[in-house]
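Please open the model in your viewer and keep a selection panel at hand. The tour below goes stop by stop, saying what to select next and what is found there.

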Amino acid sequence: MEQKQTQDRPHSIWLTYYAIEAITAVIIFLVGLVMMLDGYRIGMGWAFDGPESGYFPFRTGAILCISSVVVFLRTLFGKHRNYNLFVSWDRFKRVLYVLIPAVFYVLFTQFIGMYVASAVFIGGFMRAMGKFSWLKIILISVSISAALFWMFEIQFKVSLPKGPLESLLGY
Amino acid sequence: MEDLFNLFHGFAVIFSWYNLGMMAIGLILGVIVGVLPGLGGPNGVAILLPLTFTMNPTSAIVMLSCIYWGSLFAGAITSILFNIPGESHSVATTFDGYPLAQQGRAGEALTASFTGSFVGAFFSVVLITFLAPLVAKFALKFGPPEFFAVYFLSFASFIGTGRDPFKTMITLMIGFGLAQIGMDSVSGQLRLTFGSSELLRGIDFLIAVIGLFGLGEILLSMEEGLKFEGKEAKINVKVVWHTWKKLPQYWATLLRSSAIGAWMGITPGGATSASFMGYGIAKRFSKNSHKFGTGKLEGVLAPETAAHASGCAALLPMMALGIPGSATAAVLLGGLMIWGLQPGPLLFIEQKDFVWGLIASMYLSNIVGLIIVLTTVPLFAAILRIPFSIIAPVIVVVCAIGAYSVNNAMFNIWAMLVFGVIGYIFKKLDYPLAPLVLALVLGDRAEVAFRQAILGSQGAMSIFFSNMLVSGIMTFGLLMLFWPAITLGWSKIRGTEPPEGRKTD
Amino acid sequence: MKKLIQKVSYAVLLLAAAAIVSAGAAPAYAAWEPTKPVEFIVPAGAGGASDQMARTIQGIIMKYNLMKQPVMILNKSGASGAEGAMDVKEATGNPHKLMVAFSLIYTLPIAQNLPLSWENFNPVAMIALDDFILWVHSDAPYKTAKDYASAIKAAPDGTFKMGGTGSKREDQIISAAFDKIVGKKIIYIPYKSGGEASTQLAGKHIDSNVNNPSENVAQWRAGAARALCVFSDKPMDYKKKITDTAWSDIPTCKAQGIDVQYQMLRAFFLPLGTTSEQAAFYADLLKQVVSKPEWKEYTENNALARHYATGDEFVDFLKKDMAKHVQLMTEAGFAAKK
């Protein structure tokens, strides 16, 4: 990621529409291929009493492959190749501002539980994006998490991932 | 006449402070579970079920069914405001509800959705009141071929107007593929699981929907600058009145969706399929079908009316036949047994107080429910004024909770994140997402019904045209599928301009 | 971003330290009892027979206050229940998670090769046996199982349709065994639930089904279904009249010349890695549950045979039952190739 950033920054461009479109088509093609293979493995035919388990997956995969090839060819060799920017680095950075913390949030949920992770995530976001004061941040993020806890664990008895803090409190 | 007498008797049963109190508690709880994506009608009812063991069955069913009505009303709230469906049956509501909110017409959209819900519910209750025995018999006519025909009709009414046929095909097939993951219930074979125990349970469509729509939307709005569009959601009595004045012109949509919903609830096809079918058919028959998806009031009315009509109607087969028409009805069915009532045709004869008390409460609670949700609209609209830097992470948290609680699995949260990214890319590349969701919802059911039917006929396709009912639905489905071609052909023959919808496409 | 990670890692360290300290300071209990809410994992859908039973037990525990910690019920019905079983199996050493099991602990390992045999769990206790009955529509001309069997014999292969829950599970095992005795091919149509199989029979989309008593009782009472015989070695115990007959009046299939016997256990399991003391706590809890009048009422309403067993008796039962399933499923051709 770091490398790409320095490389791309001078032009302030990242990738064009047609490139992303083509890559997506290739990925879809591969997904279709995997589905066809799995369908073939478990039997893709029509037995005497109806379709076998792999009948529909195989055909679904085949249609995916065919459609993605059409999209791929049309994108690269069509009349109007779309050279427009898919997303500029500046704008994409903002997407990453949500996406990367979200990935860490999910990762940490596994270890410290959903409630603590949520409070930290909301707090961190408020600080980074909204420049709120620490007092407000702690007040809001902790009370949202506490409200969620009260609602799910206590009122509705729906168990969400919990970590050491909750077990300390006896949950 | 006897029905009316029974109904009055039912009203007499429920008009006590205790029962009315239970009704209010149920409705408010229902609104809460409806708004929270992780919780829904089934959870709400299941959680409170043990508390009702000591209550008398009529009060218990009044309270629990009110949770259901509350959640049916409120599922639309997050769909419209944040593009995150609070309930599975409000997915189709996002298609036009969210664009309306973006245009600053959230108040109108919410009013329309609640009112549509109410109309649908009312239609179904009237149907239950007067046609209960007849309708229960009709439900028995549905075997595998008929079910397949219904799903086919859903697909046919929904698909066919996409701008790019190949991209529509791709998203549709991805939806089917996702629906195929897990155990094939006809042969017991594991499919597309690649030995992973996480994939065993399959991908629930709620996870895909929360990721594609909810998280995907956050990513898009981040890219476009840190805010939600349409923050100015003015809502007051005037907006409600103003919206109500517009509704009579959509009488055809309301009636169609009510009928579809009631039908799907009774057969039972479920509220989710009903909402998609309602939306699809409304789009097909609308003069402005090309504007669907850009914020049409009709596009909010149609799915909500159908969903609520189906939810109410689903109680009929639950009581009369012991088949639950929805997940919530399934939990209620469990309750019935625990209270010592045996569902089945005899319930209507042996437990008059219970059955007619419930039916009477359905009239009353849907009126009270409409008032409750309408008065809370300003409260929900106020959420839109919270700064983006608070609401965005909260939505991510809510998405994560929603994804997790579908089957209490961490894997689902990761899957939700992936779907978020897919949603972001697909939206930018103009891949339509609605076909994906539709195929994911109905794909496996359609496949199972198809294969059950074919098993029964030992491989003969003629089973799908073997009686009046199934041939009728199949023919109607085929008609829907080729509707664009038919209208085009018709106008060619007549030598006139093609209708509005086609020309601008 | 960096700041956030830093903050989080501090928080983690702090919390971890606190957790260790508190765990060390906790007093040792004399006899084990749950310290957290207990989860009942139901590997079947909400509203089904397993779910209803679990919720009834939850209600009894709450009403009589048999346990300090609350019970939570989670439905994990994916992949014929493999999802729920997998969840419990993976919670190694967690004494706050129980599986509400039925025959899936035999059928899943045999048919799908999944490592979810009863040996992958810590057996707690079994509390009931569920019977299976051969049902036909009441308009059908067959009054007894014998009549029905001879009608099938007289018709060509594939004329009759039998409905049941799921594929390569208990219903299809019974159907296949029945098939073998009759000697003609019967089409088995798998439905999502017993409820669906029951209404499909009422709608005459199938000729018969092999539902549990509770799954078909509504149609029976309404006069839409007729019970031909019960797949058991002796008639059922319950003498209360349901229609003009009682459960106990239904003859056994064996007496009708169809020697198929099948009963399904209803049992509780802990994950492996839990102690026998912990299993004993729940076994005792369930023993208290089954002694309450509410349980008696529930079993009578659902014609569920009361059968409590724990410890060695339970394990012996499991061993025998597993061997029986291996035999039945291999004969029917449902066993996966190893």
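Over which residues of chain A does pLDDT stay under 50? Select residues 1-13 of chain A: pLDDT (the predictor's confidence in each residue, from 0 to 100) stays under 50 there, and the model has ten contacts for this stretch beyond four places in sequence, a contact meaning heavy atoms within 4.5 Å. Where pLDDT is low, the predicted coordinates should not be read in detail.

Before moving on, note that this is a predicted model, in which local features need pLDDT of at least 70 and side-chain atom pairs count only at pLDDT 80 or more, while totals for chains, interfaces and linings use all residues. Residues are numbered from 1 along each chain as its sequence is written, chains are lettered from A and ligands numbered from 1 in the order in which they are written, and side-chain values use heavy atoms, with hydrogens and water left out.

**Chain A**

Now colour the whole of chain A by confidence: its mean pLDDT is 84, and 90% of its residues reach 70 or more. Next, select residues 2-87 as domain 1 and residues 99-168 as domain 2 of chain A, bounds that come from an automatic or database domain assignment. The centres of domain 1 and domain 2 of chain A, taken over C-alpha atoms, are separated by 37 Å.

Zoom in on A:R41 and A:D38, which form a salt bridge with the closest N and O atoms 3.1 Å apart; the term requires a side-chain nitrogen of Lys or Arg within 4 Å of a carboxyl oxygen of Asp or Glu. A:R41 and A:D38 are separated by about one helical turn because they lie three residues apart in helix 2 of chain A. Over all chains, a search of the whole structure finds 25 salt bridges.

**Where chain A meets chain B**

Show chains A and B together, and select the 63 residues of chain A that are in contact with 63 residues of chain B. Chain A and chain B bury about 5500 Å² between them, 78% of it on carbon and sulfur atoms; buried area is the accessible area (1.4 Å probe) that two parts lose on being put together, summed over both.

Two salt bridges are found across the interface of chain A and chain B, and one to display is that between the side chains of B:E223 and A:R91, at 3.2 Å from N to O. Helix 4 of chain A gives the most to the side of chain A that touches chain B, with 14 residues; helices here are DSSP runs of H or I with at least four residues, strands are runs of E with at least two, and both are numbered from the N terminus. By class, that side of chain A has 43 nonpolar, twelve polar and eight charged residues, where Ala, Val, Leu, Ile, Met, Phe, Trp, Tyr, Cys and Pro count as nonpolar, Asp, Glu, Lys and Arg as charged, and the others, Gly among them, as polar.

**Confidence along chain B**

Turn to chain B, which averages a pLDDT of 82, with 91% of the residues scoring at least 70. Select helix 19 (residues 410-428) of chain B, where confidence in the chain is highest at a mean of 92, and then helix 23 (residues 500-504) of chain B, where it is lowest at 39. Over residues 498-505 of chain B, pLDDT stays under 50, and the model has twelve contacts for them beyond four places in sequence.

**Chain C and its two domains**

Chain C has a mean pLDDT of 85, and 90% of its residues reach 70 or more; over residues 12-29 of chain C, however, the pLDDT is below 50.

Select residues 38-130 + 264-332 as domain 1 of chain C and residues 133-261 as domain 2. The contact between them takes 23 residues from domain 1 of chain C and 15 residues from domain 2 of chain C, and the two domains bury about 1500 Å² between them, 57% of it on carbon and sulfur atoms. Their centres, taken over C-alpha atoms, are 26 Å apart.

One salt bridge is found across this domain interface. Select C:K180 and C:E331 as well, since a salt bridge joins them, with the closest N and O atoms 3.3 Å apart. Helix 11 of chain C gives six residues, the largest share of the side of domain 1 of chain C that touches domain 2 of chain C.

End at C:A176, in helix 6 (residues 170-182) of chain C. Not counting residues up to four places away in sequence, C:A176 touches C:A332 and C:F334. C:A176 and C:I186 are ten residues apart in sequence, and 8.3 Å separates them in space, C-alpha to C-alpha.
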